[in-house]
Each structure stands twice: as structure tokens, then as C-alpha cells.
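This briefing introduces a single protein to a reader who has not met the structure before. Please look over the sequence and the model first, and then follow the points below topic by topic.

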Amino acid sequence: YINYLSNKMLQSSAPLSKKENKYFGSFILNLREGIAYYRGLFEQKIFSARRSELMLALDDGTSRLEQIEQQIMAISDGALV
């Protein structure tokens with residue numbers, strides 16, 4: 001999903017329309033919620049053997065999402081909706 005978002009952002013032109021702004025804002029929010037969900041899930045005892053590996057993957061995804069969000073903010077004319 002993060003790769004999809006990155007590609008979609010690269011296809012957009014500055015400044016973003018209201019529709020694109022809302023789309024990206026909603027997409028990023030949904031990704032953040034999904035990452036938070038899996039972070040909580042992976043903290044459960046059943047995932048203890050691979051917990052650190054899974055958490056590193058989530059941290060990487062979060063970092064990439066933040067970079068993409070900054071790039072989108074740079075081509076939008078305001079905060080994401």
C-alpha cells in the first residue's frame with residue numbers, strides 16, 4: 001500500500017486539488033490506523049518469536065509513510081484533510 005501511495009503521489013501534479021488532498025489524507029490516515037492495529041497485534045505473546053522482526057518492518061513502513069506524507073504536503077496547498 002505504501003508503494004501504491006508513493007506511485008500515486010508521483011503521478012499527481014502540484015498543487016493538489018481538493019479531491020486529491022482529501023484522498024491522500026484519508027489514505028494516509030487509514031495506513032496509520034492499519035500500522036497501529038498490527039503493532040498492537042504483534043505485541044501479543046503469540047508473536048514473541050518474530051516480534052522484533054515484525055516491529056522493525058512496521059517502523060520501516062511508518063518512516064516511509066512519513067516521507068511520502070511530507071512530499072505530498074509539499075505539493076499540496078495546505079494541510080491534508
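Helices in this briefing are DSSP runs of H or I that hold at least four residues, and they are numbered from the N terminus. On that basis Ile-2 belongs to helix α1, which covers residues 2–11. The model is a predicted one, and it has three helices and zero strands.

**Overall form**

- Read along the sequence, the elements of the protein follow the pattern α-α-α, and the radius of gyration is 15 Å, well over the 12 Å that the globule rule gives for 81 residues, so the protein is more spread out than a compact globule.
- Along its principal axes, the C-alpha trace of the protein spans about 45 × 15 × 15 Å.
- Of the 81 residues of the protein, 31% count as buried, and the accessible surface comes to about 5,700 Å², with 55% of that surface belonging to carbon and sulfur atoms.
- When contacts between residues at least 6 apart in sequence are considered, 60% of them join residues at least 24 apart.

**Charges and salt bridges**

- The protein carries 10 positive and 9 negative side chains, and the centres of these two sets lie 5 Å apart.
- How many salt bridges does the protein have? The count comes to two, where a salt bridge requires a side-chain nitrogen of Lys or Arg within 4 Å of a carboxyl oxygen of Asp or Glu.
- One of them is formed by Arg-32 and Glu-69, whose closest N and O atoms are 2.3 Å apart; Arg-32 lies in helix α2 (residues 18–42) and Glu-69 in helix α3 (residues 51–75), so this pair ties together parts that are 37 residues apart in sequence.
- Both partners of that bridge have their accessibility given as a relative area: Arg-32 is partly exposed at 32%, and Glu-69 also counts as partly exposed, at 21%.
- Asp-59 forms a salt bridge with Arg-39, with 3.0 Å between the closest N and O atoms; here Asp-59 lies in helix α3 and Arg-39 in helix α2, so the pair ties together parts that are 20 residues apart in sequence.
- In this bridge Asp-59 is partly exposed, with a relative accessible area of 36%, while Arg-39 is partly exposed with a relative accessible area of 24%.

**Ile-2 in helix α1**

- Is Ile-2 buried or exposed? Ile-2 counts as buried because its relative accessibility is 13%, and buried means under 20% relative accessible area.
- Leaving aside residues up to four places away in sequence, Ile-2 touches Leu-31, Gly-61, Arg-64 and Ile-68.
- Of these contacts, Leu-31 falls within the residue range of helix α2, whereas Gly-61, Arg-64 and Ile-68 fall within the range of helix α3.
- The C-alpha atoms of Ile-2 and Gln-44, which are 42 residues apart along the chain, are separated by 25 Å.

**Lys-8 and Glu-20**

- Lys-8 is found in helix α1, and at 32% relative accessibility Lys-8 counts as partly exposed.
- Which residues does Lys-8 touch, not counting residues up to four places away in sequence? Lys-8 touches Tyr-23 and Phe-24, and the C-alpha atoms of Lys-8 and Phe-24, 16 residues apart in sequence, are 9.1 Å apart in space.
- Glu-20 has its place in helix α2, and at 26% relative accessibility Glu-20 counts as partly exposed.
- Not counting residues up to four places away in sequence, Glu-20 touches Ser-12 and Ser-13.
- Glu-20 and Lys-8 are twelve residues apart along the chain, and their C-alpha atoms are separated by 10.0 Å.

Key: Residues numbered from 1 in each chain as written. Predicted model: local features only at pLDDT ≥ 70, side-chain atom pairs only at ≥ 80, totals over all residues. Heavy atoms only, no water. Helix = DSSP H or I, 4+ residues; strand = E, 2+ residues; numbered from the N terminus. Rg over C-alpha atoms; globule rule 2.2 N^0.38 Å. Buried < 20%, exposed > 50% of the residue type's maximum accessible area, 1.4 Å probe, protein only. Contact = heavy atoms within 4.5 Å. Areas by Shrake-Rupley, 256 points an atom, 1.4 Å probe, with all protein chains shown as cover. Lys, Arg positive; Asp, Glu negative; His and termini not counted. Charge placed at Lys NZ, Arg CZ, Asp CG, Glu CD.
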